[in-house]
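Here's a quick tour for anyone meeting this structure for the first time. Have a look at it below, and then we'll walk through it topic by topic.

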Amino acid sequence: AQAKVDEKDPQAAALGYAADTAKVDAKKYPKHAAAQTCSNCALYQGKPADATGACPLFAGKVVAAKGWCSAWAKKA
Ligand code: SF4
């Protein structure tokens, strides 16, 4: 299995990635909404049943299905 993205990785910190969307800092990211998760982000590559999946912004690692980052974009 591929390694999960660590919230403290420089790329993760730069994007405000959180492994749990419920723990995103609302003051820092006012556009964040609790319903936004990696699993419903346009960039997420995981299957619906998986707890983690690939994201092109984090090459070689996986993000949490219930995670979030500031590059979140609604899945079409
Ligand atoms: Fe998750 Fe989307 Fe951010 Fe990738 S771009 S970490 S899938 S919210």
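What follows is a short lead and then some grouped notes.

First things first: this is a predicted model. The protein has 1 helix and 2 strands, and from the N terminus on the order is α-β-β. A ligand sits in there too, and the space it takes up is the largest cavity.

**Overall build**

- With a radius of gyration of 11 Å, close to the 11 Å that the globule rule gives for 76 residues, the protein is as compact as a globular protein of that length.
- Picture a box of roughly 35 × 30 × 15 Å, taken along the principal axes, and you have the space that the C-alpha atoms fill.
- Of the 76 residues in the protein, 36% are buried.

**Around the ligand**

- Which residues surround the ligand? Four cysteines do, namely Cys-38, Cys-41, Cys-55 and Cys-69, and they are joined by Tyr-44, Leu-57, Phe-58, Val-63 and Trp-72.
- Sorted by type, that shell comes out as 9 nonpolar residues, with no polar and no charged ones.
- Once more on location: the ligand occupies the largest cavity.

**Aromatic pairs**

- How many aromatic pairs does the structure hold? There are 2.
- One of them is made by Tyr-29 and Trp-68, whose rings are 5.5 Å apart centre to centre. Their planes are 65 degrees apart, and since anything over 60 counts as edge-to-face, that's the label this pair gets.
- The pair ties together distant parts of the chain, 39 residues apart. Tyr-29 is in the loop between helix 1 (10–15) and strand 1 (52–54), while Trp-68 is in the segment after strand 2 (62–64).
- Are these two partners buried or exposed? Tyr-29 has a relative accessible area of 16%, so it is buried. Trp-68 is buried as well, because its relative accessibility is 4% and the cut-off for buried is under 20%.

**Spots where distant parts of the chain meet**

- Ser-70 is in the segment after strand 2, and its C-alpha is 7.3 Å from that of Tyr-29, even though 41 residues separate them in sequence. Ser-70 is partly exposed, with a relative accessible area of 36%.
- Ala-3 belongs to the segment before helix 1. What separates Ala-3 from Lys-61 in space and in sequence? The answer is 5.1 Å from C-alpha to C-alpha, against 58 residues along the sequence.
- Ala-3 counts as partly exposed because its relative accessibility is 43%, which falls between the 20% limit for buried and the 50% limit for exposed.
- Asn-40 is in the loop between helix 1 and strand 1. From there to Lys-66 the C-alpha distance is 9.0 Å, with the two positions 26 residues apart in sequence terms.
- Asn-40 has a relative accessible area of 29%, so it is partly exposed.

**A look at the helix**

- Where is Leu-15? You'll find Leu-15 in helix 1.
- Leu-15 is buried, with a relative accessible area of 17%.
- Its C-alpha atom and that of Phe-58 are separated by 10 Å, and the two residues are 43 residues apart along the chain. Phe-58 is also one of the residues around the ligand.

Notes: Residues numbered from 1 in each chain as written. Predicted model: local features only at pLDDT ≥ 70, side-chain atom pairs only at ≥ 80, totals over all residues. Heavy atoms only, no water. Near = heavy atom within 4 Å. 1 Å grid on protein atoms, 1.4 Å probe; cavity = no way out; pocket = protein on both sides within 12 Å on 5 of 7 lines; lining within 4 Å. Sits in = over half its atoms within 2 Å of the grid points. Nonpolar A, V, L, I, M, F, W, Y, C, P; charged D, E, K, R; others polar. Phe/Tyr/Trp six-rings, centres within 6.5 Å; stacked < 30°, edge-to-face > 60°. Helix = DSSP H or I, 4+ residues; strand = E, 2+ residues; numbered from the N terminus. Buried < 20%, exposed > 50% of the residue type's maximum accessible area, 1.4 Å probe, protein only. Rg over C-alpha atoms; globule rule 2.2 N^0.38 Å.
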